[in-house]
Amino acid sequence: MIQQRTDQVQIALKVNDEQYQVDVPTRRTLLDLLRNDLNLTGTKKVCDMGHCGACTVLRDGVAVLACLTLAVACDGSSITTIEGIATKDGTLS
């Protein structure tokens, strides 16, 4: 029988000025959390190796590559995605 690991941690973070508490696997990237769990698909998954920069978000005001950042490392952080930069009509300011 194959035993599945259930290494999950609850984290709290603010994304685009909205507070979230989510249970995430310890190995989930911030990129996968944003896209798959929070349905914020503006942050793109392209190379998944940190080369292209399409996954760049702001973590506490500093640019980070979401594909190389573990979600658990962002506990207590404030994240801004492209959706958080866009105006209400969807245009960028």
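## Exercises on a predicted model

Starting at the N terminus, the protein's elements come in the order β-β-α-β-β-β-α. Keep in mind that this is a predicted model.

**Exercise 1.** Work out how the protein compares with a globular protein of its length.

*Solution.* Start with the radius of gyration, which is 14 Å. Next, take the globule rule: for 93 residues it gives 12 Å. The two values are close, so the protein is as compact as a globular protein of that length. To picture its extent, imagine a box of roughly 55 × 30 × 20 Å along the principal axes, filled by the C-alpha atoms.

**Exercise 2.** Place Ser77 in the chain, then decide: is Ser77 buried or exposed?

*Solution.* First find the spot: Ser77 sits in the loop between β4 (62-65) and β5 (78-80). Now check its relative accessible area, which is 6%. Buried means under 20%, so Ser77 is buried. Which residues does Ser77 touch, if we skip neighbours within four places in sequence? They are Ala12, Leu13, Lys14, Arg59 and Asp60. For the wider picture, buried residues make up 29% of the 93 residues in the protein.

**Exercise 3.** Classify Ile82 by its accessibility and find the surface patch it belongs to.

*Solution.* Begin with location: Ile82 is in helix α2, residues 82-85. Its relative accessibility is 36%. Partly exposed covers the range between under 20% and over 50%, so Ile82 counts as partly exposed. Finally, look at the surface: Ile82 joins Leu58 and Ile85 in a nonpolar patch, and together they have about 210 Å² of accessible area.

Terms used. Residues are numbered from 1 along each chain as its sequence is written. This is a predicted model: local features need pLDDT of at least 70, side-chain atom pairs count only at pLDDT 80 or more; totals for chains, interfaces and linings use all residues. Side-chain values use heavy atoms; hydrogens and water are left out. Patches are made of residues with over 30% relative accessible area and no salt bridge: like charges are joined within 9 Å, nonpolar side chains (Val, Leu, Ile, Met, Phe, Trp, Tyr) within 5 Å. Accessible areas come from the Shrake-Rupley method with a 1.4 Å probe; for residues, only the protein chains shown count as cover. A salt bridge is a side-chain nitrogen of Lys or Arg within 4 Å of a carboxyl oxygen of Asp or Glu. Helices (H or I, at least four residues) and strands (E, at least two) are DSSP runs, numbered from the N terminus. Buried means under 20% relative accessible area, exposed over 50%, partly exposed in between (1.4 Å probe, protein chains only). Contact means heavy atoms within 4.5 Å. The radius of gyration is taken over C-alpha atoms; the globule rule is 2.2 Å times the number of residues to the power 0.38.
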